[in-house]
Amino acid sequence: MELWQAFVQMVHTLIPWLDGTVANILIILIKAIVLVMPLMLVVAYFTYAERKVIGYMQLRIGPNRVGPKGWLQPIADALKLMTKEIIFPTKANIYLFLLAPVLAITPAIAVWAVIPFDEGIYVTNLDISLLYVLAIGSIGVYGIILAGWASNSKYPLLGALRSASLLVSYEIVIGFALVTVVMIAGSVNLNTIVQAQQGGIAHWYFIPLFPMMIIFFISALVETNRAPFDVVEGESEIVGGTHIEYSGMTFAVFFLAEYANMILMATLAVVMFFGGWHSPFEGIPYLQAVFAWVPGIIWLLAKTSFFMFLYLWVRATFPRFRYDQIMHLSWKVFLPITIIWIFVVALMTQFQLAPWF
Amino acid sequence: MIKKLSKLVKSFTLSELRTGLKITAKELVNKKITVQFPEERTPISPRFRGLHALRRYPNGEERCIACKLCEAVCPANAITIESEMRDDGTRRTTMYDIDLFKCIFCGFCEEACPVDAIVETQIFDYAFESRQGSIMTKKRLLEVGSENTQVINQTKFEDAKYK
């Protein structure tokens, strides 16, 4: 942190124009690059991990030809997608057609601005960061809907409609599930929420909110259009959904957005329910000292990668849900449970149930 | 009532989902069954019918006597043979073409051959770069035969006792 402060100071002294406004913008830019570059790299290698893990679960080996053990596979994929031609359907609205992937990726990256990676490590510390996450996160679906509409083709349109109705149903569930977290933490600032979970595993919110955690994870699968809820793409039903008419880099951008969203949801699950950057050994006499040197960001990344693995695990295991069953799950199962649990949490808060309140 | 209740408990504890996840988690660490093809190969039966070859006698004389039995038996009409009398008075082929596009790899030619000249080898991973390449001329067939003499002899020997 001191190093960063010193760096900020240095930039300010080097570029003193306009009362430091230029320097501030430069620092924000640097922060954004430092955030986005590793994110894109993680997305690339997440696709590799996905193919490997699913391959292993199906008793296959997965990609192992490009580079040692297939390590260069994502780079080869990226190169392929970049050099491929972008095909515009004759009857498509080209402006909307090109706007759609932009609208998909922008929120997927913008949301990361408020995620706290460690004590004091974030791009911005918004007081309403949770609301920001929910608000910007739901804009991402415009990209998919617009893609479906602008393609001027039947299957993308069906995919877009599915995506819209899924979002409406599951955004409510996610919202309610996160309301319980807000009730306990007493704040919508992600930093405060993580700080409120200090003090070892027993203080993390997944214990009092276990059903909410499960519901949040399943809803996150739906929100990110992941198997077994990938009806928006639904290869066997609607061929490829909103992605049909997209090729080359436009498709790659959708792909990036989807995976960035998955990683975001995994991180959010950790921040909300698993104590963010806090070490799981806090409060345990001996182990706490042994693991004291590990920086918080490592713990956050480790927990996040577990949830990312869970995404792949679930994808390798379950067949796709039928569309009406997903709707049933949302309105008739998840919504009642979350509302009931809000009351339960309200009671817990009322009676000051330790150690969470 | 009890049945309904137990079903409810089952679905709310995600018991069946957990069973599925357990199975895939087990397979994650199991031994993989993939055969890495160009480096590893699965065992091939000596009776495998792959690319054709024409054999020669150990003294270098070609076996084929242009009896045209293979041409006659070929169900796909893939074989075309033309023959002439050689200077030493024996009958030999001047042309022996097998069209691999027509060939169905039934192995009848091999069975029909009275002198075991035409055989099918274990080669299955061949490719050609032009449509002309699909025609195995006499020269190419003899080349395949001489390149794989040992393998052919070995497999034919192994299979002989079942014929």
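Okay, let's start on the outside of chain A. A:Trp149, A:Tyr155, A:Leu157, A:Leu158, A:Leu161, A:Val239 and A:Ile244 make up a nonpolar patch on the surface, and together they have about 650 Å² of accessible area. Keep in mind that what we're looking at is a predicted model.

Which helix gives this patch its largest share? That's helix H6 of chain A, residues 154-185, with 4 residues. One residue to click on in helix H6 is A:Leu161. A:Leu161 has a relative accessible area of 53%, and it counts as exposed because the cut-off for that word is over 50%.

Now let's go inside and look at charges. If you search the whole structure, you get 16 salt bridges over all chains. The one I'd like to spend time on joins A:Arg226 and A:Glu50, where the closest N and O atoms are 2.5 Å apart. Where do these two sit? A:Arg226 is in the loop between H8 and H9 of chain A, while A:Glu50 is in helix H2 of chain A, so the partners are 176 residues apart and the pair links distant parts of the chain. To put that plainly, A:Arg226 and A:Glu50 are 176 residues apart and link distant parts of the chain.

Are A:Arg226 and A:Glu50 buried or exposed? Both are buried. For A:Glu50 the relative accessible area is 4%, and helix H2, where it sits, covers residues 21-57.

What else does A:Glu50 touch? Setting aside neighbours within four places in sequence, A:Glu50 is in contact with A:Arg226, A:Tyr259, A:Leu312 and A:Arg315. Try another jump along the chain: A:Glu50 and A:Trp313 are 263 residues apart, yet their C-alpha atoms are separated by 8.9 Å. And the salt bridge we just looked at belongs to a network, which links A:Glu50, A:Arg226, A:Glu258 and A:Arg315.

Right beside A:Arg226 in the numbering there's A:Asn225. A:Asn225 isn't a glycine, but it has a positive phi of about 55°. You'll find A:Asn225 in the loop between H8 and helix H9 (235-238) of chain A, and it's buried, with a relative accessible area of 12%.

Chain B has a residue to put next to that one. B:Asn77 has a positive phi of about 50°, and it isn't a glycine either. Its place is the loop of chain B between helix H3 (69-73) and strand E2 (79-85). Is B:Asn77 buried or exposed? With a relative accessible area of 55%, B:Asn77 is exposed.

While we're on chain B, have a look at B:Glu110 and B:Lys156. They form a salt bridge, with the closest N and O atoms 2.7 Å apart. B:Glu110 is in helix H4 (residues 108-112) and B:Lys156 is in helix H6 (residues 149-160), so this pair ties together parts of chain B that are 46 residues apart in sequence. Both B:Glu110 and B:Lys156 are buried.

Back in chain A, here's one more salt bridge. The side chains of A:Asp324 and A:Arg322 meet at 2.8 Å, N to O. A:Asp324 has 40% relative accessibility, which counts as partly exposed.

Next up, rings. How many aromatic pairs does a search of the whole structure find? It finds 25 over all chains. Take A:Phe216 and A:Phe273: this pair is tilted, with 5.7 Å centre to centre and 50° between the planes. A:Phe216 is in helix H8 (residues 210-223) of chain A and A:Phe273 is in helix H10 (residues 248-273) of chain A, 57 residues apart, and the pair links distant parts of the chain. A:Phe216 is buried at 1% relative accessible area, and A:Phe273 is buried at 0%.

Rings can also join up into bigger groups. Ring pairs link A:Trp204, A:Phe206, A:Phe217, A:Phe274, A:Phe306, A:Phe307 and A:Tyr311 into a cluster.

Last stop: the place where the two chains meet. How many residues does each chain bring to the contact? Chain B brings 17 residues and chain A brings 17 residues. The size of an interface is often given as the accessible area lost when the parts come together. Here, the area buried between chain B and chain A is about 1500 Å², and carbon and sulfur atoms give 72% of that. B:Leu21, B:Leu28 and B:Lys32 supply 35% of the area that chain B buries against chain A, which is more than any other three residues.

And how many salt bridges are there between chain B and chain A? The count is 1. The side chains of B:Glu39 and A:Arg65 meet in a salt bridge, at 3.2 Å from N to O. Okay, that's my tour, thanks for listening!

Notes. Residues are numbered from 1 along each chain as its sequence is written. Chains are lettered from A and ligands numbered from 1 in the order in which they are written. This is a predicted model: local features need pLDDT of at least 70, side-chain atom pairs count only at pLDDT 80 or more; totals for chains, interfaces and linings use all residues. Side-chain values use heavy atoms; hydrogens and water are left out. Patches are made of residues with over 30% relative accessible area and no salt bridge: like charges are joined within 9 Å, nonpolar side chains (Val, Leu, Ile, Met, Phe, Trp, Tyr) within 5 Å. Accessible areas come from the Shrake-Rupley method with a 1.4 Å probe; for residues, only the protein chains shown count as cover. A salt bridge is a side-chain nitrogen of Lys or Arg within 4 Å of a carboxyl oxygen of Asp or Glu. Helices (H or I, at least four residues) and strands (E, at least two) are DSSP runs, numbered from the N terminus. Buried means under 20% relative accessible area, exposed over 50%, partly exposed in between (1.4 Å probe, protein chains only). Rings of Phe, Tyr and Trp (its six-membered ring) pair if their centres lie within 6.5 Å; planes under 30 degrees apart count as stacked, over 60 as edge-to-face and the rest as tilted. Contact means heavy atoms within 4.5 Å. Buried area is the accessible area (1.4 Å probe) that two parts lose on being put together, summed over both.
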